[in-house]
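Grab a coffee and open the viewer: here are a few exercises to work through with the structure on screen. Try each one yourself before you read the solution.

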Amino acid sequence: MNQTNNDTASSAVKEAAPPLFATNYHIYINHTDAGGIVYHANHLVFFENCRRDWFTKIGINGYFLENDNGQVQHFVVSQAALQYRQAIFLDEVINVRIDKVELRPASIIFYQSIYRAQSATLLSSAKIVIACVQNQLSTSATSPSSKDKSDIITPVANVASVRPVRVPKSLCLVIDQAIATHESKH
């Protein structure tokens with residue numbers, strides 16, 4: 001092969017950008033079906049664990065956030081598009097990655113992937129959108145039995161009152177900083 005063909009061949013093979021975050025997980029029996037293959041829904045679990053570990057690494061409590069007005073917000077998965085490429089087996093070590101993050105006004109889009117740690121073989125990939133929401137909780141007084149006349153105040157979630165809200169500015173700043181730091185290193 002001449003030099004021109006070598007240049008063309010090497011330019012056709014794109015180098016994958018290093019992930020924004022990556023961590024290894026061991027596959028245990030509780031992750032698998034009876035055949036020792038990771039149950040398909042557990043890919044979502046590994047993606048979730050990776051996002052949570054990344055949030056922890058950059059100093060964010062990823063479950064509950066306080067907005068500028070002191071109201072509590074949290075994230076829910078609003079969309080998930082997965083592509084399964086190869087099976088994951090019992091006792092393997094996988095490398096779960098956050099390849100890219102896009103901030104939107106009321107959501108965060110994660111592009112994630114799972115690789116076999118030893119061979120760097122792509123096992124699955126996903127685009128997962130998490131929406132920032134705020135629950136509107138109300139309280140109701142209930143009496144557990146006719147013998148006990150004391151009222152118990154219980155928070156009751158009204159499903160209709162869960163509403164999308166803007167991602168807190170403080171969270172956007174931390175994520176932007178983490179992305180910028182990663183990009184400056186690579």
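The exercises below go through a pocket, a nonpolar core, some salt bridges and one serine, and the model they rest on is predicted.

**Exercise 1. Find which residues lie nearest the centre of the largest pocket, and work out what lines it.**

Step 1: Start with the space itself. The largest pocket has a volume of about 290 Å³.

Step 2: Now the walls. There are 14 lining residues, and Ala17, Pro18, Asp99, Lys100 and His182 sit nearest the centre.

Step 3: Sort the lining by class. You get eight nonpolar, two polar and four charged residues.

Step 4: Ask which elements contribute. Strand S4 (93-103) and helix H3 each bring at least two residues to the lining, and S4 gives the most, with four.

**Exercise 2. Decide whether His182 is buried or exposed, and say what it touches.**

Step 1: Place the residue. His182 belongs to helix H3, which covers residues 169-185.

Step 2: Check accessibility. The relative value for His182 is 14%, and the cut-off for buried is under 20%, so His182 counts as buried.

Step 3: Look for partners, skipping residues up to four places away in sequence. His182 touches Pro18, Pro19 and Leu20. Pro18 should ring a bell, as Pro18 and His182 are both among the residues nearest the centre of the largest pocket.

**Exercise 3. Identify which members of the largest nonpolar core touch the most other members.**

Step 1: The core has 33 residues, and the best-connected are Trp54, Ile94, Val101, Ile108 and Ile175.

Step 2: Trace where this core comes from. At least two residues each are supplied by strand S1 (21-26), helix H2 (41-57), S4, strand S5 (107-116), strand S6 (122-134) and H3.

Step 3: Zoom in on Ile94. Leaving out neighbours within four places in sequence, Ile94 contacts Thr23, Asn24, Tyr25, Ile27, Phe46, Ile88, Ile114, Tyr115, Ala117 and Leu123.

Step 4: For background, nonpolar side chains tend to be buried together in soluble globular proteins.

**Exercise 4. Count how many salt bridges there are, and describe the pairs.**

Step 1: The count comes to four.

Step 2: Take Arg51 and Glu48, whose closest N and O atoms are 2.5 Å apart. The two are about one helical turn apart, because they are three residues apart in helix H2. Arg51 is buried at 5% relative accessibility, while Glu48 is partly exposed at 28%.

Step 3: Move on to Glu92 and Arg116, which meet in a salt bridge at 2.3 Å, N to O. This pair links distant parts of the chain: Glu92 is in the loop between strand S3 (72-84) and S4, and Arg116 is in strand S5, 24 residues apart. Both Glu92 and Arg116 are buried.

Step 4: Then look at Glu102 and Arg104, with closest N and O atoms 2.8 Å apart. Salt bridges with shared partners join Lys100, Glu102 and Arg104 into one network. Within that pair, Glu102 is buried at 17%, whereas Arg104 is partly exposed at 41%.

**Exercise 5. Work out which residues Ser107 contacts beyond its neighbours within four places in sequence.**

Step 1: Ser107 is part of strand S5.

Step 2: Its relative accessibility is 14%, so Ser107 counts as buried.

Step 3: The contacts of Ser107 are Glu102, Val129, Ile130, Ala131, Cys132 and Val167. You have met Glu102 before, in the salt bridge with Arg104.

Definitions and conventions: Residues are numbered from 1 along each chain as its sequence is written. This is a predicted model: local features need pLDDT of at least 70, side-chain atom pairs count only at pLDDT 80 or more; totals for chains, interfaces and linings use all residues. Side-chain values use heavy atoms; hydrogens and water are left out. Buried means under 20% relative accessible area, exposed over 50%, partly exposed in between (1.4 Å probe, protein chains only). Contact means heavy atoms within 4.5 Å. On a 1 Å grid over the protein atoms alone, a cavity is a set of points where a 1.4 Å probe fits but cannot get out, and a pocket is an open set with protein on both sides within 12 Å along at least five of seven lines; lining residues have an atom within 4 Å of a point. Grid points are joined across faces, edges and corners, and a volume is the space filled by probe spheres set on the points. Ala, Val, Leu, Ile, Met, Phe, Trp, Tyr, Cys and Pro count as nonpolar, Asp, Glu, Lys and Arg as charged, and the others, Gly among them, as polar. A nonpolar core is a set of buried Ala, Val, Leu, Ile, Met, Phe, Trp, Tyr and Cys residues joined through side-chain atoms within 4.5 Å. A salt bridge is a side-chain nitrogen of Lys or Arg within 4 Å of a carboxyl oxygen of Asp or Glu.
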